Amino acid sequence: MKNLKNIVLSSIAATLLLGINACKPKNAGNAVSADAAIKTYVAPGKYDEFYNFVSGGFSGQMSVYGLPSGRLLKVMPVFSVDPEKGYGFSEETKPMLNTSHGFIPWDDLHHVQLSKTNGEYDGRWVFGNANNTPRVARIDLKTFRTAEIIELPNSAGNHSSPFITENTEYVVAGTRFSVPPDDKNGDVPINTYKQNFKGTISFISVAKEDGKMELAFQIQCPGFNFDLSRAGKGVSNGWFFFSCYNTEQANTLLEVNASQRDKDFIMAVNWKKAEEYLKAGKGRKQAVKYAHNVYNEKTHTATSEIKTEVTVLDSKELKDMCYFFPCPKSPHGCDVSPTGEYIVGSGKLAALIPVFSFDKMIKAIAAKDYIGEFEGIPILKYESVLYGEVKKPGLGPLHTEFDNKGNAYTSMFVSSEVVKWNIKDLKVLDRAPTYYSVGHLCVAGGDTKTPNAKYLVAYNKITKDRYLPTGPELSQSAQLYDITGDKMQLILDFPTIGEPHYAQIVPADLIKNNSLKFYKIDSNENKYVSKGESTTKVVRDGKVVHIYITAIRSHFAPDNIEGIKMGDEVYFHVTNLEQDWDVPHGFAVKGSLNAELLIMPGETQTLKWTPDRVGMFPFYCTDFCSALHQEMSGYVRVSPAGSNVPISYSLGTNLPKDEGLKK
Ligand code: K7E
Ligand code: CUA
């Protein structure tokens, strides 16, 4: 039996290694039936029915699509600079990307989660994780802009994140790479992994009114790789589940050494119990360093604060808080059914899908049905927690989502398909090919208590032959399936920005009417705002020059600026005076080692510029804003360092001495 399992597993491994073409389905081009076009057609001028928030993977951004059309609506910069929007380039947004390591212009965003109330999407915020330099971001869905980013100490490869409790009490983040804790000497031999490396689970609290995040506490865990997680809901509210791999605690050649065990673990965390320990003062205060960055909508300015302490609960000492139960072969996804009763583990190398029962888990805990413990954490017996196994589901299960009819949908990376199965009898009901190598998948509302079972989207890693060739790298891709019938039906392919991982599909009605149209200029508290053209000015302060400038269709005020000298540090503080929807102005100046600014109506943004030569420097509006957009421009004159050209600025009055404007 064991041998047979090994054979099956090694053949899976071989398929993994051989790559993609091995599992390319035949007749890929004919897989779409004729009515697909009607199902995805959204007539010009009509809105889509759903928003689809999609992770941008190594682009570090999050994108927004309309479904069922697949139309790209917006790319929201989160962890990477975005020159299109000036994010990370303007003085106001630079602090958003500050970390304890300094300013970081990039990260890798894998998972998105909408905020929830009573286990349902509430349309307020969407959260994203930074994998590389561990952080969690909150995006405000009134503005579709990143509002807050918090860094996580004691962490590395923040992958099992940001998963959310059913009332958004906490956003949780588990470390994928275990590392020596931040207050310990990290300068140790790598092969002392077992002694020195620790895993950490972070609980970030979210304030009900304004979404403000705080690092409430962390739980120190054994040095495993915490891959994915999900909050319990309904009956399992109060618990969190994390898949763990590398329970072998290997520190090299993980593809072999972390695939030794027949079973790894899912870790169940009783977070209500953790709260009790925290209240009872059982936490240890640890000195750490992490950045907490907040964008203030009144000042239109981000601030970054370095925090220096976190409270850590130790899973080794504090009982009844963490439990392990075995899960076959390097589990990746760890997903919880709509009722909260079933926990689905997806072992990347497993030939079956285990479904665990929360009820059985609680009973097994009560009966102390343990097979041992690991660093003080009890290990429950597999059979005592198992509800049942889905047999022969396909190869390489990764993630599972749910519908409202008692079915589950699991992505199969190796066999390139989505497999639909019934949660009660664990029978496979349908399978649909993906093109190719599906990673995450998403059902509309698929992680809520009441999924909307209309659409499923598969997010694929490989698109060979699906799109026109674009050189060595081909587009990443999503595929839309109609899941209203018994059979899943592929109805659309659409390319994505960056590598898509997790996504969320939410009814448009929940969000679209709350959209902010513009910022009120009267409420603008930016330190450098000009609330009208009459208050614009140019102020020299030693070698620093502040230019207070306004933008309104179709001119800047002032638009003639003289008296800037070599060696000056110049700040253009541009206020967009428009009070109307969808009228941003852009701002760029020749030779600037910076991106443009893109300033929303009523907002002030600042571009820092250090002129590198004497001469004439035009600036202009970069966003086509009116018929006279091309006229929306100006000049800055830069003189030598010792020059005696005085500061002067004007709009419409700096005319030739003897001529004047010809009327
Ligand atoms: Cu893409 Cu969630 Cu990073 Cu699976 S992970 S595919
Ligand atoms: Cu303002 Cu173009």
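This is a short chat about a predicted model, covering the surroundings of ligand 1 and one of the strands.

Q: Which residues are around ligand 1?
A: In this predicted model, the residues around ligand 1 are His 110, His 111, His 159, Leu 228, His 332, His 399, Gly 439, His 440, Lys 461 and His 501.

Q: And which elements give two or more residues to that shell?
A: Those elements are β6, which covers 109–117, and β30, which covers 438–443.

Q: How does the shell around ligand 1 split by class?
A: The shell has 8 polar residues, together with 1 nonpolar and 1 charged residue.

Q: Changing topic to strand β22, how many of its residues are buried?
A: Strand β22, residues 352–357, is mostly covered, with 6 of its 6 residues buried.

Q: Which residues point which way from β22?
A: Leu 352, Pro 354 and Phe 356 point one way, while Ile 353, Val 355 and Ser 357 point the other way, and all of them are buried. As a general matter, side chains in a regular strand alternate between the two faces of the sheet.

Q: OK, in what sense do β21 and β22 pair?
A: Strand β21, residues 342–347, and β22 pair in the antiparallel sense over 3 bridges, and the two form a hairpin with 4 residues between them. Within this pairing, Ile 343 has Phe 356 of β22 as its bridge partner.

Q: What about β22 and β25, over how many bridges do they pair?
A: Strand β25, residues 386–391, and β22 pair over 5 bridges, in the antiparallel sense. Phe 356 comes up here as well, standing opposite Leu 386 in β25.

Key:
Residues numbered from 1 in each chain as written. Chains lettered and ligands numbered in written order. Predicted model: local features only at pLDDT ≥ 70, side-chain atom pairs only at ≥ 80, totals over all residues. Heavy atoms only, no water. Near = heavy atom within 4 Å. Nonpolar A, V, L, I, M, F, W, Y, C, P; charged D, E, K, R; others polar. Buried < 20%, exposed > 50% of the residue type's maximum accessible area, 1.4 Å probe, protein only. Pairing = 2+ DSSP bridges.
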